[in-house]
Amino acid sequence: MKIVSVNVGGPREVQWRGRRVTTSIWKSPVQGRVRVATLNLEGDEQSDLSVHGGADKAVYAYPVEHYPFWRNELPAIEFPFGAFGENLTIEGLLEADVRIGDRYEIGSAEFQVTQPRMPCFKLGIRFGRDDMIRRFLRSGRSGFYLAVLREGEVESGDAIKFTGRDPDAPSVADVAALPES
């Protein structure tokens, strides 16, 4: 288990359906050590704090193992690391194996899994496809949000060390598959 890429980005205004929308979904890989703070990574910013970011969604992790699926599913689209708006492109942690509340040390920081990602309309803007949210949810490839338990630094190549779990907690995949109420 390791970090493949650390990705950050800031707000950008885009045209969507005749109106201006501010989004921070475009993330780009960065090199070197990156400071992890309670609410985000250094150099990263969320645009709409009413639905993005905050202590429970400080960092978004997405498995690199899902990239081949998307490249096959949508061959006309490029998928650089960070394409899904993730801060950490990770290897070795899939939604079916990760449980809500799992704790991990990465670099000098410590994280806790809080929830699967349930995307907003901006994922569709990112890929220029109105059907992207439906495809994303149907795929079962949600990735997951992390709270920062201990601030520190991370870097591409850092090992991800499992540090604890509530054995009764549901997996990220189980929570993502729950019907909306």
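How do the residues lining the second largest cavity divide into nonpolar, polar and charged? Figure 1 has that one; all the views come from a predicted model.

**Figure 1. A look into the second largest cavity, which holds about 40 Å³ of space.** The split here is nine nonpolar, no polar and no charged residues. Around the space sit Ala61, Ile90, Leu93, Tyr104, Ile106, Phe111, Phe144, Leu146 and Ile160. Strands E8 and E10 each put at least two residues into this lining.

**Figure 2. The largest cavity, with about 260 Å³ of space inside.** Its lining runs to 23 residues. Look for Ser24, Lys27, Gln46, His52 and Gly85 nearest the centre. Strand E6 and helix H2 (122–127) are the elements that contribute two or more residues to the lining. By type, the lining breaks down into nine nonpolar, eight polar and six charged residues. If you're keeping a tally, the model has two cavities of 30 Å³ or more. As for how such voids turn up, rolling a probe the size of a water molecule over the atoms shows where empty space is left.

**Figure 3. The largest nonpolar core, a set of 25 residues.** Leu88, Phe111, Phe144 and Val154 have the most contacts inside this core. Plenty of strands chip in: E1 (2–8), E5 (34–36), E6 (59–63), E7 (88–91), E8 (103–106), E9 (109–116) and E10 (144–150) each supply at least two of the core residues. Away from this set there is a second, separate core of 15 residues, with Ile25, Tyr67, Ile77 and Met132 among them.

**Figure 4. Phe144 and the residues it touches.** Leaving aside residues up to four places away in sequence, Phe144 is in touch with Val59, Tyr60, Ala61, Ile90, Leu93, Val98, Val113, Gln115, Pro116, Arg117 and Val172. Phe144 also turns up in two of the earlier views: it is one of the residues with the most contacts inside the largest core, and it helps line the second largest cavity. Ala61, Ile90 and Leu93 are likewise part of that cavity lining.

**Figure 5. The hairpin formed by strands E2 and E3, with two residues between the strands.** E2 (residues 12–16) and E3 (residues 19–23) run antiparallel and are joined by five bridges. To pick out one pairing, start from Glu13 and go across to Thr22 in E3, its bridge partner. For anyone checking backbone torsions, Arg17 is the residue to click on: its phi is positive, near 50 degrees.

Terms used: Residues numbered from 1 in each chain as written. Predicted model: local features only at pLDDT ≥ 70, side-chain atom pairs only at ≥ 80, totals over all residues. Heavy atoms only, no water. Pairing = 2+ DSSP bridges. Helix = DSSP H or I, 4+ residues; strand = E, 2+ residues; numbered from the N terminus. Core = buried A, V, L, I, M, F, W, Y, C linked by side-chain atoms within 4.5 Å. Buried < 20%, exposed > 50% of the residue type's maximum accessible area, 1.4 Å probe, protein only. Contact = heavy atoms within 4.5 Å. 1 Å grid on protein atoms, 1.4 Å probe; cavity = no way out; pocket = protein on both sides within 12 Å on 5 of 7 lines; lining within 4 Å. Points joined across faces, edges and corners; volume = space filled by probe spheres on them. Nonpolar A, V, L, I, M, F, W, Y, C, P; charged D, E, K, R; others polar.
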